[in-house]
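Welcome! Take a look at the structure below, and then work through the exercises at your own pace.

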Amino acid sequence: MTEINTGASREAIEFHYDMPAEFFALWLGKSMTYTAARFTRPDMTLDEAQLDKINYHLNAAQVGQGHRMLDIGCGWGTLLKSSVELRGAGSAHGLTLSPLQQKYISSLGLPNVSAALQSYEHHQPDKPYDSIISVGAFEHFVKPGIPREERLETYSELFRRCAEWMTRDGRFSLQTMTWGDVGQTERDMNRIHEIFPESDLPEIAEVIEAAHPHLELVSMENRPEDYGRTLAEWAKGLRANRERAIEIVGDERYKFYLDSCKGGSLLYRRRRFYLCRFVFRRRGR
Ligand SMILES: C[S@@+](CC[C@H](N)C(=O)[O-])C[C@H]1O[C@@H](n2cnc3c(N)ncnc32)[C@H](O)[C@@H]1O
(Lines give C-alpha, C1' and ligand atoms only; values in the text may rest on other atoms or scores of the structure.)
Protein backbone atom coordinates (compact mmCIF):
# COMPACT_ATOMS: atom_id res chain seq x y z
CA MET A 1 0.00 0.00 0.00
CA THR A 2 1.39 3.45 -0.92
CA GLU A 3 2.19 5.60 2.15
CA ILE A 4 0.54 9.01 2.03
CA ASN A 5 1.27 11.76 4.46
CA THR A 6 0.96 15.04 2.65
CA GLY A 7 -2.30 16.37 4.11
CA ALA A 8 -3.17 18.70 6.98
CA SER A 9 -2.06 17.46 10.40
CA ARG A 10 -4.45 16.93 13.30
CA GLU A 11 -3.16 20.16 14.91
CA ALA A 12 -3.94 22.11 11.72
CA ILE A 13 -7.47 20.67 11.60
CA GLU A 14 -8.01 21.44 15.29
CA PHE A 15 -6.99 25.08 14.68
CA HIS A 16 -10.03 25.64 12.46
CA TYR A 17 -12.61 23.11 13.66
CA ASP A 18 -12.01 22.54 17.37
CA MET A 19 -14.28 25.28 18.66
CA PRO A 20 -17.29 24.30 20.80
CA ALA A 21 -20.19 22.90 18.77
CA GLU A 22 -22.40 25.55 20.40
CA PHE A 23 -20.44 28.25 18.55
CA PHE A 24 -20.94 26.67 15.11
CA ALA A 25 -24.60 25.95 15.93
CA LEU A 26 -25.19 29.72 16.23
CA TRP A 27 -24.62 30.35 12.52
CA LEU A 28 -24.52 27.11 10.49
CA GLY A 29 -28.28 26.64 10.68
CA LYS A 30 -30.29 23.54 11.53
CA SER A 31 -28.21 21.17 9.39
CA MET A 32 -25.03 21.79 11.42
CA THR A 33 -23.00 21.22 8.27
CA TYR A 34 -19.98 23.36 7.51
CA THR A 35 -19.94 23.07 3.72
CA ALA A 36 -21.76 24.63 0.77
CA ALA A 37 -25.51 24.14 0.64
CA ARG A 38 -27.26 23.46 -2.69
CA PHE A 39 -29.51 26.33 -3.71
CA THR A 40 -31.62 24.84 -6.48
CA ARG A 41 -34.34 27.53 -6.29
CA PRO A 42 -33.82 31.29 -5.91
CA ASP A 43 -36.17 31.54 -2.91
CA MET A 44 -34.56 28.74 -0.86
CA THR A 45 -33.54 29.34 2.77
CA LEU A 46 -30.14 28.13 4.02
CA ASP A 47 -31.80 25.24 5.89
CA GLU A 48 -33.74 24.14 2.77
CA ALA A 49 -30.61 24.35 0.64
CA GLN A 50 -28.60 22.35 3.19
CA LEU A 51 -31.28 19.66 3.15
CA ASP A 52 -31.09 19.67 -0.65
CA LYS A 53 -27.32 19.04 -0.40
CA ILE A 54 -27.83 16.23 2.12
CA ASN A 55 -30.40 14.52 -0.10
CA TYR A 56 -28.20 15.07 -3.16
CA HIS A 57 -25.33 13.11 -1.55
CA LEU A 58 -27.59 10.39 -0.12
CA ASN A 59 -29.07 9.89 -3.61
CA ALA A 60 -25.71 10.12 -5.40
CA ALA A 61 -24.11 7.55 -3.10
CA GLN A 62 -27.33 5.48 -3.26
CA VAL A 63 -27.59 5.16 0.51
CA GLY A 64 -30.36 2.59 1.09
CA GLN A 65 -32.03 0.24 3.55
CA GLY A 66 -29.52 -1.79 5.54
CA HIS A 67 -26.54 -0.29 3.69
CA ARG A 68 -23.13 0.39 5.17
CA MET A 69 -21.98 3.96 4.60
CA LEU A 70 -18.71 5.76 5.29
CA ASP A 71 -18.37 9.55 5.65
CA ILE A 72 -14.78 10.74 5.22
CA GLY A 73 -14.56 14.04 7.13
CA CYS A 74 -17.89 13.70 8.91
CA GLY A 75 -18.01 17.03 10.80
CA TRP A 76 -20.70 16.90 13.48
CA GLY A 77 -22.29 13.78 12.00
CA THR A 78 -25.25 15.13 10.02
CA LEU A 79 -24.78 12.83 7.02
CA LEU A 80 -24.31 9.84 9.33
CA LYS A 81 -27.55 10.61 11.14
CA SER A 82 -29.40 11.35 7.88
CA SER A 83 -28.21 8.06 6.32
CA VAL A 84 -29.70 6.07 9.16
CA GLU A 85 -32.81 8.14 9.86
CA LEU A 86 -33.80 9.17 6.33
CA ARG A 87 -32.61 6.15 4.32
CA GLY A 88 -32.53 3.27 6.81
CA ALA A 89 -28.79 2.62 6.49
CA GLY A 90 -27.72 -0.30 8.67
CA SER A 91 -24.55 1.44 9.77
CA ALA A 92 -22.99 4.84 9.21
CA HIS A 93 -19.36 5.37 10.18
CA GLY A 94 -17.58 8.72 10.14
CA LEU A 95 -13.93 9.77 10.18
CA THR A 96 -12.75 13.13 11.53
CA LEU A 97 -9.51 14.66 12.75
CA SER A 98 -11.31 16.94 15.20
CA PRO A 99 -11.55 15.51 18.76
CA LEU A 100 -14.45 17.84 19.60
CA GLN A 101 -16.44 16.67 16.56
CA GLN A 102 -15.84 13.02 17.44
CA LYS A 103 -16.91 13.60 21.07
CA TYR A 104 -20.00 15.53 19.92
CA ILE A 105 -21.14 12.65 17.66
CA SER A 106 -20.55 10.07 20.41
CA SER A 107 -22.51 12.21 22.88
CA LEU A 108 -25.58 12.05 20.59
CA GLY A 109 -25.77 8.28 21.18
CA LEU A 110 -27.39 7.66 17.79
CA PRO A 111 -28.19 4.02 16.99
CA ASN A 112 -26.07 2.54 14.15
CA VAL A 113 -23.90 5.67 14.00
CA SER A 114 -20.22 5.70 14.95
CA ALA A 115 -17.34 8.12 14.49
CA ALA A 116 -13.60 7.66 14.83
CA LEU A 117 -10.85 10.17 15.41
CA GLN A 118 -8.90 8.83 12.46
CA SER A 119 -7.52 9.99 9.13
CA TYR A 120 -8.73 8.17 6.04
CA GLU A 121 -5.01 7.34 5.62
CA HIS A 122 -5.23 4.88 8.51
CA HIS A 123 -8.72 3.53 7.94
CA GLN A 124 -9.08 -0.19 7.34
CA PRO A 125 -12.69 -1.35 7.13
CA ASP A 126 -13.56 -4.89 8.16
CA LYS A 127 -16.32 -5.11 5.51
CA PRO A 128 -16.92 -3.17 2.27
CA TYR A 129 -19.14 -0.09 2.15
CA ASP A 130 -22.14 0.34 -0.15
CA SER A 131 -21.79 4.11 -0.07
CA ILE A 132 -18.93 6.50 0.59
CA ILE A 133 -19.49 10.24 0.95
CA SER A 134 -16.94 12.97 1.55
CA VAL A 135 -18.00 16.60 1.78
CA GLY A 136 -15.46 19.36 2.31
CA ALA A 137 -12.54 17.19 3.49
CA PHE A 138 -10.65 16.70 0.20
CA GLU A 139 -9.38 20.28 0.55
CA HIS A 140 -7.28 19.09 3.51
CA PHE A 141 -5.63 16.09 1.87
CA VAL A 142 -2.65 17.93 0.34
CA LYS A 143 -0.43 20.60 1.89
CA PRO A 144 0.51 23.76 -0.05
CA GLY A 145 3.68 23.66 -2.13
CA ILE A 146 3.51 19.95 -3.02
CA PRO A 147 4.51 19.28 -6.67
CA ARG A 148 1.68 18.30 -9.02
CA GLU A 149 2.90 14.71 -9.50
CA GLU A 150 2.93 14.13 -5.74
CA ARG A 151 -0.50 15.73 -5.30
CA LEU A 152 -1.87 13.44 -7.99
CA GLU A 153 -0.34 10.39 -6.29
CA THR A 154 -1.99 11.32 -3.00
CA TYR A 155 -5.40 11.94 -4.56
CA SER A 156 -5.07 8.78 -6.64
CA GLU A 157 -4.23 6.70 -3.57
CA LEU A 158 -7.38 7.99 -1.86
CA PHE A 159 -9.49 6.96 -4.87
CA ARG A 160 -7.74 3.58 -5.05
CA ARG A 161 -8.60 2.95 -1.41
CA CYS A 162 -12.21 4.06 -1.86
CA ALA A 163 -12.54 1.64 -4.80
CA GLU A 164 -11.06 -1.13 -2.65
CA TRP A 165 -13.39 -0.34 0.28
CA MET A 166 -16.57 -0.37 -1.86
CA THR A 167 -18.94 -3.16 -2.79
CA ARG A 168 -19.17 -3.99 -6.50
CA ASP A 169 -22.12 -1.62 -6.96
CA GLY A 170 -20.79 0.94 -4.50
CA ARG A 171 -20.88 4.69 -5.12
CA PHE A 172 -18.71 7.54 -3.94
CA SER A 173 -20.12 11.07 -3.72
CA LEU A 174 -17.46 13.75 -3.31
CA GLN A 175 -17.93 17.48 -2.72
CA THR A 176 -14.89 19.74 -2.76
CA MET A 177 -13.79 23.29 -3.38
CA THR A 178 -11.31 23.60 -6.26
CA TRP A 179 -9.28 26.45 -7.66
CA GLY A 180 -11.43 28.38 -10.11
CA ASP A 181 -10.82 30.98 -12.77
CA VAL A 182 -7.73 32.49 -11.15
CA GLY A 183 -4.21 33.34 -12.33
CA GLN A 184 -0.99 32.34 -10.55
CA THR A 185 -0.30 35.78 -9.00
CA GLU A 186 -3.75 36.05 -7.45
CA ARG A 187 -3.49 32.43 -6.31
CA ASP A 188 -0.14 33.09 -4.60
CA MET A 189 -1.68 36.06 -2.76
CA ASN A 190 -4.71 34.10 -1.63
CA ARG A 191 -5.17 33.74 2.17
CA ILE A 192 -6.85 30.35 2.10
CA HIS A 193 -3.78 28.71 3.73
CA GLU A 194 -4.21 31.01 6.74
CA ILE A 195 -7.88 30.07 7.08
CA PHE A 196 -7.23 26.35 6.56
CA PRO A 197 -3.60 25.73 7.62
CA GLU A 198 -1.58 23.07 5.81
CA SER A 199 -4.31 22.71 3.18
CA ASP A 200 -4.43 23.37 -0.55
CA LEU A 201 -7.19 23.11 -3.12
CA PRO A 202 -7.18 20.70 -6.05
CA GLU A 203 -7.81 21.61 -9.69
CA ILE A 204 -10.93 20.03 -11.24
CA ALA A 205 -8.67 18.26 -13.77
CA GLU A 206 -6.55 16.75 -10.97
CA VAL A 207 -9.59 15.18 -9.31
CA ILE A 208 -10.73 13.59 -12.56
CA GLU A 209 -7.24 12.45 -13.57
CA ALA A 210 -6.46 10.96 -10.14
CA ALA A 211 -9.76 9.09 -9.96
CA HIS A 212 -9.70 7.78 -13.53
CA PRO A 213 -7.63 4.57 -13.00
CA HIS A 214 -9.82 3.48 -10.06
CA LEU A 215 -13.28 4.95 -10.38
CA GLU A 216 -15.64 5.81 -13.22
CA LEU A 217 -17.04 9.34 -13.21
CA VAL A 218 -20.85 9.14 -13.26
CA SER A 219 -21.65 12.84 -13.00
CA MET A 220 -20.21 16.16 -11.96
CA GLU A 221 -21.55 19.62 -11.22
CA ASN A 222 -19.76 22.90 -10.58
CA ARG A 223 -21.84 25.43 -8.63
CA PRO A 224 -19.64 28.15 -7.07
CA GLU A 225 -22.76 30.25 -6.56
CA ASP A 226 -23.85 27.67 -3.94
CA TYR A 227 -20.88 28.57 -1.75
CA GLY A 228 -21.24 32.30 -2.47
CA ARG A 229 -24.77 32.22 -1.02
CA THR A 230 -23.93 29.80 1.82
CA LEU A 231 -21.05 31.95 3.05
CA ALA A 232 -23.18 35.10 2.86
CA GLU A 233 -25.86 33.35 4.97
CA TRP A 234 -23.24 32.22 7.51
CA ALA A 235 -21.89 35.78 7.78
CA LYS A 236 -25.46 36.99 8.41
CA GLY A 237 -25.90 34.32 11.13
CA LEU A 238 -22.61 35.24 12.78
CA ARG A 239 -23.50 38.96 12.85
CA ALA A 240 -26.94 38.19 14.26
CA ASN A 241 -25.34 36.18 17.11
CA ARG A 242 -22.28 38.39 17.60
CA GLU A 243 -22.49 38.76 21.39
CA ARG A 244 -22.93 35.07 22.18
CA ALA A 245 -20.31 34.07 19.59
CA ILE A 246 -17.74 36.40 21.20
CA GLU A 247 -18.62 35.03 24.64
CA ILE A 248 -17.78 31.52 23.41
CA VAL A 249 -14.70 32.04 21.20
CA GLY A 250 -13.54 35.63 21.86
CA ASP A 251 -13.39 38.69 19.64
CA GLU A 252 -10.40 37.68 17.53
CA ARG A 253 -11.78 34.27 16.55
CA TYR A 254 -15.22 35.79 15.86
CA LYS A 255 -13.60 38.22 13.39
CA PHE A 256 -11.57 35.38 11.85
CA TYR A 257 -14.71 33.38 10.97
CA LEU A 258 -16.69 36.47 9.91
CA ASP A 259 -13.92 37.73 7.61
CA SER A 260 -13.45 34.23 6.15
CA CYS A 261 -17.15 34.05 5.30
CA LYS A 262 -17.33 37.56 3.81
CA GLY A 263 -14.11 37.21 1.78
CA GLY A 264 -14.95 33.68 0.66
CA SER A 265 -18.42 34.64 -0.52
CA LEU A 266 -16.99 37.30 -2.82
CA LEU A 267 -14.37 34.95 -4.27
CA TYR A 268 -17.00 32.32 -5.11
CA ARG A 269 -19.24 34.95 -6.71
CA ARG A 270 -16.25 35.95 -8.86
CA ARG A 271 -15.61 32.26 -9.66
CA ARG A 272 -12.06 32.40 -8.26
CA PHE A 273 -13.02 29.22 -6.39
CA TYR A 274 -15.30 26.53 -7.77
CA LEU A 275 -17.55 24.21 -5.77
CA CYS A 276 -17.70 20.76 -7.31
CA ARG A 277 -19.72 17.63 -6.69
CA PHE A 278 -18.42 14.42 -8.30
CA VAL A 279 -20.18 11.07 -8.31
CA PHE A 280 -18.08 7.95 -8.93
CA ARG A 281 -18.65 4.23 -9.14
CA ARG A 282 -16.25 1.31 -9.29
CA ARG A 283 -14.56 0.43 -12.54
CA GLY A 284 -14.62 -3.05 -14.04
CA ARG A 285 -17.88 -4.11 -12.45
C1 LIG B 1 -15.28 21.46 6.33
S2 LIG B 1 -15.40 20.12 7.47
C3 LIG B 1 -16.77 19.27 6.69
C4 LIG B 1 -17.55 18.45 7.65
C5 LIG B 1 -18.80 17.81 7.09
N6 LIG B 1 -18.52 16.91 6.00
C7 LIG B 1 -19.80 18.86 6.66
O8 LIG B 1 -20.22 18.85 5.50
O9 LIG B 1 -20.19 19.67 7.51
C10 LIG B 1 -13.99 19.08 7.08
C11 LIG B 1 -13.93 17.76 7.82
O12 LIG B 1 -12.86 16.96 7.26
C13 LIG B 1 -12.20 16.31 8.33
N14 LIG B 1 -10.85 15.89 7.85
C15 LIG B 1 -9.83 16.66 7.41
N16 LIG B 1 -8.78 15.89 7.06
C17 LIG B 1 -9.14 14.60 7.26
C18 LIG B 1 -8.51 13.34 7.10
N19 LIG B 1 -7.25 13.24 6.64
N20 LIG B 1 -9.21 12.21 7.38
C21 LIG B 1 -10.47 12.28 7.85
N22 LIG B 1 -11.14 13.45 8.04
C23 LIG B 1 -10.48 14.59 7.76
C24 LIG B 1 -12.22 17.35 9.44
O25 LIG B 1 -11.95 16.75 10.69
C26 LIG B 1 -13.66 17.85 9.31
O27 LIG B 1 -14.55 16.99 9.98
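Three short exercises follow, each with a worked solution.

This is a predicted model, in which local features need pLDDT of at least 70 and side-chain atom pairs count only at pLDDT 80 or more, while totals for chains, interfaces and linings use all residues. Residues are numbered from 1 along each chain as its sequence is written.

**Exercise 1.** Find which strand gives the most to the largest nonpolar core.

*Solution.* Start with the term: a nonpolar core is a set of buried Ala, Val, Leu, Ile, Met, Phe, Trp, Tyr and Cys residues joined through C-beta atoms within 7 Å. Buried means that 20 or more other C-beta atoms, placed from the backbone, lie within 10 Å of a residue's own. The largest such core holds 73 residues, and A61, M69, L80, I132, C162 and F172 touch the most other members. Strand β7 (residues 273-282) contributes the most, with seven residues. Strands are DSSP runs of E, at least two residues long, and helices are runs of H or I, at least four, numbered from the N terminus.

**Exercise 2.** Work out why strand β2 is largely enclosed by the rest of the structure.

*Solution.* Look at residues 91-96, which form β2. Five of these six residues are buried, so the strand is largely enclosed.

**Exercise 3.** Identify the strands that pair with β2.

*Solution.* Strands pair if DSSP finds at least two bridges between them. First, β1 (residues 68-72) pairs with β2 in the parallel sense over five bridges, and I72 stands opposite L95. Next, β3 (residues 113-117) also pairs with β2 in the parallel sense, over five bridges; here L95 faces A116.

Definitions and conventions. A residue is buried if 20 or more other C-beta atoms lie within 10 Å of its own, exposed if 12 or fewer, and partly exposed in between; C-beta atoms are placed from the backbone.
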